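Biologist: Mind if I quiz you on the labels you've put on this one? I'd like to see the cut-offs behind them.

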Amino acid sequence: MSPRAQTRADRPLGPTFRALLAASAVSNLGDGIRLATLPLLATTLTNSPLLIAGVTVAQFLPWLLFGPIGGVIVDRSDRRRLILTTQLWRAIVMVVLAAVVIADAASIQLIFLVAFVITAGEILVDPSVVAVVPTIVARDDLDRANGRISGVEIVTNDLVGAPVGVGLFAVASWLPFAVDGASYLGSTLLFRRLPGRSQPRPRTGEAGADEPATTGTGTGGLRNGGFGRALRQVGADLPAGLRWLFRHPMLRPWTISVAVFNIGAATSFSLLVLLVIDVHNGSEAAFGITLTVAAVAGAIGSTVAPRLVERHGRAPVLLVAAGLSAVVLLGLAAAPSLSTVIALWAVGAGVSGVLLAIGRGFIQRYCPNEILGRTAIASRTITRTAFVVGAFLGGVVGSAAGVRTAYAVAGAIQVMALLPMALALRNDHA
């Protein structure tokens with residue numbers, strides 16, 4: 001390795017980035033606990049593939065209904081204050097769910113509602129984090145920063161959160177939701193360290209400067225005119241992110257291809273609990289093991305992704321990863337045993353870690369920071385709406401033709417995404 005490469009690889013990303021990374025870890029730990037245990041709670045109330053898939057639908061439906069509005073709020077707010085407020089009310093929601101479960105009053109409709117409300121908060125928090133990253137690290141460090149965030153998300157969401165959630169659920173069905181609420185509350189202590197005033201973006205070689213740039217845009221956010229002022233800007237600002245996104249020669253086809261790809265991903269994920277427990281007669285513990293092994297693979301994938309890109313280039317790495325994901329889903333449709341399911345799901349998680357770590361940086365590279373929140377939310381609205389479509393499709397196909405058939409359909413959909421993805425990557429010149 002050359003001295004130049006060694007210096008770049010070892011350059012610290014700074015205390016503000018470390019605080020952001022730690023806050024994401026705490027928050028995503030709770031997310032992992034919830035994501036593993038909400039489907040388990042649902043299986044205690046119903047065994048309908050359509051209703052089980054409905055939990056995933058509810059988790060992504062807010063992106064379709066409120067996504068662009070969230071982007072306007074993110075770009076016109078003090079992003080630190082917005083994150084703190086949102087994490088607080090998400091904590092309250094999860095504590096209320098824990099209390100309802102203790103009272104033995106839970107219903108599948110309540111699970112849908114909780115999943116919906118928590119994701120509505122995600123619409124404000126996730127784009128805020130995306131918009132913060134390029135203001136606190138240098139452009140040359142984006143892959144490294146995003147790789148670390150992706151790795152932390154995977155490790156805490158799946159590697160730690162999933163088995164902890166399943167274990168807590170075995171102890172008491174209300175306990176994982178109380179812990180999730182505590183994680184949201186705890187993350188606010190770290191998110192408070194994010195800056196809240198406008199400063200210049202770091203230059204190359206200034207990664208993680210001690211006085212990083214703003215988490216707000218200085219364009220008249222919540223701190224200057226209140227929440228109502230931000231909402232009054234929706235009518236004028238709502239189209240800006242979509243317009244910028246769809247005028248871009250690379251991001252437009254890339255976003256469309258990712259949306260198609262995500263339909264297949266959601267079709268598969270929404271029925272994973274039934275594939276493990278009903279189709280292969282696995283236990284709740286087996287479901288937790290499936291998620292844990294996948295998390296290890298996903299963390300490895302996100303960690304090695306930047307090195308793979310340096311060696312082979314972004315386009316080849318992304319296309320191979322997407323192709324392997326499609327093969328995995330087709331394999332799951334015919335998997336003869338639970339051990340095969342666990343192994344294949346782990347491979348799929350590994351390539352997903354690569355896709356997430358590398359693909360999420362495109363918006364940050366191409367989009368000006370003053371509209372980054374709106375553009376990121378526009379992109380996520382499209383790609384997350386695809387999860388609604390995919391989860392609903394999984395429930396319908398699973399109910400009508402069986403869970404295995406739903407996985408075959410999911411794999412075929414991801415194969416269809418490869419061509420538009422390749423065409424998009426031909427225009428990647430960042």
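Here is how that chat went.

Modeller: Ground rules: it's a predicted model, so local features need pLDDT of at least 70 and side-chain atom pairs pLDDT 80 or more, while totals for chains, interfaces and linings use all residues. Residues are numbered from 1 along each chain as its sequence is written, and side-chain values use heavy atoms, leaving out hydrogens and water.

Biologist: Why is aspartate 428 called buried?

Modeller: Buried means under 20% relative accessible area, exposed over 50%, partly exposed in between (1.4 Å probe, protein chains only). Aspartate 428 has 16%, so it's buried.

Biologist: And what makes leucine 64 partly exposed?

Modeller: Its relative accessible area is 43%, so leucine 64 falls in the in-between class.

Biologist: What makes aspartate 428 and arginine 314 a salt bridge?

Modeller: That takes a side-chain nitrogen of Lys or Arg within 4 Å of a carboxyl oxygen of Asp or Glu. Here N to O is 2.9 Å, so the pair qualifies. Aspartate 428 sits in the segment after helix H17 (403–425) and arginine 314 in helix H13, so parts 114 residues apart in sequence get tied together.

Biologist: How do you know that the length of helix H13 agrees with what it should span?

Modeller: Helices (H or I, at least four residues) are DSSP runs, numbered from the N terminus. Expected span is 1.5 Å times one less than the number of residues. For the 20 residues of H13 (314–333) that's 28 Å, and the end C-alpha atoms are 29 Å apart, so they agree.

Methods. Helices (H or I, at least four residues) and strands (E, at least two) are DSSP runs, numbered from the N terminus.
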